[in-house]
Amino acid sequence: MSDAGEPADDPPEGYTWDFARQERELPEEEYRSHMHLLDEIEEEDLEALDLSAASDYILWAAAQAFEELDRYGEAIPLLQRIAASASRHPALDYPGILLLLGERLKERGDYDEAAKALDAAERLEPDLRERCDERRAEILVLRGRAKEGVALFLRAGRAFPDDPWVPLRAAWALLASGRYDDIPPWIERCEKALQDVTDEAEARLAADEIDRLRAEAGARGARRGRPAAGGDPGAGGGTGAGPEAVRDAILAALDEEEARLTGSPPRSGEARSRAAGRLAALHARASRAWDDAVEAKREDFIAAFDDLQWDVVGLAERFGIELPGIDED
């Protein structure tokens, strides 16, 4: 109970204590430093921090600050330090932090390390087994072992029949892997589970995600069956094709590249170099198309091709691939 006799708030993700209890029971300097990182620190000051001797509590605040900026590459090493810590801070939920670490490692294609984080989370909190299995299923699908992954997803779905997020996770993994024809049954499972969600905000959030998934799966499936702009799979701007056809051709190539990198994340220097070359070529196609749209004064396609260039950069960043000669500022 809180000091006022009201029930305490549920602890935020990654914590075992709510912030009121943290303020009451932790040393004032430690708590204030933590909250400064969460709420007040500027990006350049965050970059300059010396965290070499920081406690898990401070590392968790810094990791969240990087997460807030979508700088997951900087958050991951901090999460790994917390995961490897020999001591345990009483205010932190280590299994929850391990689940987040597994999620971030999975997103960049470090599937083996992600699985290790899930194993560690389950060892600390055995009740998380089904939730960890759900994420293990996703990893299996992403790395190309779809049959095993789907079987594990079905088992996880039986453990959480009223949770639409389990089939949603399955469907998004199938989408990232390019298995568009396998998605509709999972959308049906999402909608069936959604009928039992009683929290209105949660139901609306899940319904919006289902709509987004259906639209994205439909668009990718349509692009896959459409010929490349100008009849040339390597074509981009300047082919004589209309801007919509050029955009869809580049998007289709980007879909294919995401599926390729998802199934076989580049690990060697040679593999990274090949991936960088393919992505740089896609970026150049989008850049040429942007130039054409500017010349034609097509404001809608100027924005579309600008977004496409950033989509290419984002995919490269996700898998830790450096694109030579591309300004990301």
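**Group meeting talk: a walk through an all-helix model**

Let's start with one residue, E125: its relative accessible area is 31%, so it counts as partly exposed, since that value falls between the 20% and 50% cut-offs. Keep in mind that what you have in front of you is a predicted model. Where does E125 sit? You'll find E125 in the loop between α7, residues 111-124, and α8. Now look for Y94. Along the sequence, Y94 and E125 are 31 residues apart, yet from C-alpha to C-alpha the gap in space is 9.1 Å.

Okay, let's zoom out to the whole chain. How many helices and strands are there? The count is 15 helices and zero strands. If you draw a box along the principal axes, the C-alpha atoms fill roughly 70 × 45 × 40 Å. The chain has 329 residues, and 44% of them are buried. Then there are the contacts: take those with a separation of 6 or more, and 58% of them join residues 24 or more positions apart.

Next up is helix α2, residues 28-39. That's twelve residues, and from first C-alpha to last α2 reaches 16 Å, close to the 16 Å you'd expect at 1.5 Å a residue. Which residues of α2 are buried? They are E30, Y31, H34, M35 and L37. Those residues sit on the same side of α2, because they cover an arc of only 155° around the axis. Here's a bit of background that helps: an α-helix has 3.6 residues a turn, so residues three or four places apart point the same way. On the other side of α2 you'll see E28, E29 and D39, which are exposed. And what do the buried ones pack against? For α2, the partners are α1 (19-25), α3 (43-48) and α4 (56-68).

Now for α14, which runs over residues 269-295. With 27 residues at 1.5 Å each, α14 should span 39 Å, and its end C-alpha atoms are indeed 39 Å apart, so the two agree. The buried residues of α14 include A271, L279, H283, R285 and A286. Among the elements covering the buried residues of α14 are α13 (243-263) and α15 (299-318). Just past the end of α14, have a look at K297, which takes a positive phi of about 60°.

Let's stay with α15 for a second, because Q309 lies in that helix. Is Q309 buried or exposed? At 12% relative accessibility, Q309 counts as buried, the cut-off being under 20%. Setting aside neighbours within four places in sequence, Q309 is in contact with H283, A286, S287 and W290. Two of those may ring a bell: H283 and A286 were on the buried list for α14.

Last stop, the largest pocket. Its volume is about 1000 Å³. There are 32 residues in the lining, and Y72, R104, K106, E107 and R318 lie nearest the centre. Several helices give two or more residues to that lining, including α5 (72-83), α6 (94-107), α12 (200-224), α13 and α15. Which helix gives the largest share? That would be α10, with seven residues. And what kinds of residues line the pocket? The lining divides into 17 charged, eleven nonpolar and four polar.

That's my tour, so over to you.

How values were computed. Residues are numbered from 1 along each chain as its sequence is written. This is a predicted model: local features need pLDDT of at least 70, side-chain atom pairs count only at pLDDT 80 or more; totals for chains, interfaces and linings use all residues. Side-chain values use heavy atoms; hydrogens and water are left out. Helices (H or I, at least four residues) and strands (E, at least two) are DSSP runs, numbered from the N terminus. The expected span of a helix is 1.5 Å times one less than its number of residues. Buried means under 20% relative accessible area, exposed over 50%, partly exposed in between (1.4 Å probe, protein chains only). Contact means heavy atoms within 4.5 Å. On a 1 Å grid over the protein atoms alone, a cavity is a set of points where a 1.4 Å probe fits but cannot get out, and a pocket is an open set with protein on both sides within 12 Å along at least five of seven lines; lining residues have an atom within 4 Å of a point. Grid points are joined across faces, edges and corners, and a volume is the space filled by probe spheres set on the points. Ala, Val, Leu, Ile, Met, Phe, Trp, Tyr, Cys and Pro count as nonpolar, Asp, Glu, Lys and Arg as charged, and the others, Gly among them, as polar. The arc is that of the directions from the helix axis to the C-beta atoms.
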